[in-house]
Amino acid sequence: MRPTLARLVRVLPRSQVDPALRPVPAPIRSDTPKASLIEILQKRQEEAGADYPSNIRIEALEAKTALRGLPREARKTLAAMLKEH
């Protein structure tokens with residue numbers, strides 16, 4: 001019979017674990033600005049340079065919000081122009 005994960009793992013109650021061994025999460029600060037996902041991906045793209053995968057396209061969300069005040073027909077035309085072909 002082969003050993004399984006259920007046989008090898010033993011669950012301990014929290015009272016038996018030393019509090020010094022428990023990881024304490026870092027406090028979340030609301031006063032420091034966090035980088036958005038787009039900013040993180042753009043930073044990775046700059047660091048990687050030519051090694052960055054070409055099939056990953058990063059677009060800012062500003063393009064959609066910029067077209068919000070335009071008439072519907074103009075929005076469709078401009079949105080089609082902004083898309084890559």
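In the predicted model, the end C-alpha atoms of helix α2 lie 16 Å apart, in agreement with the 16 Å that its 12 residues should span at 1.5 Å a residue. Helix α2 comprises residues 37-48, and just after it G49 adopts a positive phi of about 65 degrees.

The secondary structure of the protein amounts to four helices and zero strands, and its elements follow the pattern α-α-α-α along the sequence. Of the 85 residues in the protein, 2% are buried. The exposed area of the protein is about 8,900 Å², of which carbon and sulfur atoms supply 57%.

A nonpolar patch of about 460 Å² is present on the surface, and L5, L8, V9 and V11 make it up. Within this group, V11 is situated in the loop that runs between α1 (5-8) and α2 (37-48). Its relative accessibility is 72%, and V11 therefore counts as exposed, the cut-off for this class being over 50%.

A further residue examined was R75, which is placed in helix α4, spanning residues 72-82. R75 has a relative accessibility of 32% and so counts as partly exposed, since this class lies between the buried limit of under 20% and the exposed limit of over 50%. When neighbours within four places in sequence are left aside, the contacts of R75 are with L67, R68 and L70.

How values were computed: Residues are numbered from 1 along each chain as its sequence is written. This is a predicted model: local features need pLDDT of at least 70, side-chain atom pairs count only at pLDDT 80 or more; totals for chains, interfaces and linings use all residues. Side-chain values use heavy atoms; hydrogens and water are left out. Patches are made of residues with over 30% relative accessible area and no salt bridge: like charges are joined within 9 Å, nonpolar side chains (Val, Leu, Ile, Met, Phe, Trp, Tyr) within 5 Å. Accessible areas come from the Shrake-Rupley method with a 1.4 Å probe; for residues, only the protein chains shown count as cover. A salt bridge is a side-chain nitrogen of Lys or Arg within 4 Å of a carboxyl oxygen of Asp or Glu. Helices (H or I, at least four residues) and strands (E, at least two) are DSSP runs, numbered from the N terminus. Buried means under 20% relative accessible area, exposed over 50%, partly exposed in between (1.4 Å probe, protein chains only). The expected span of a helix is 1.5 Å times one less than its number of residues. Contact means heavy atoms within 4.5 Å.
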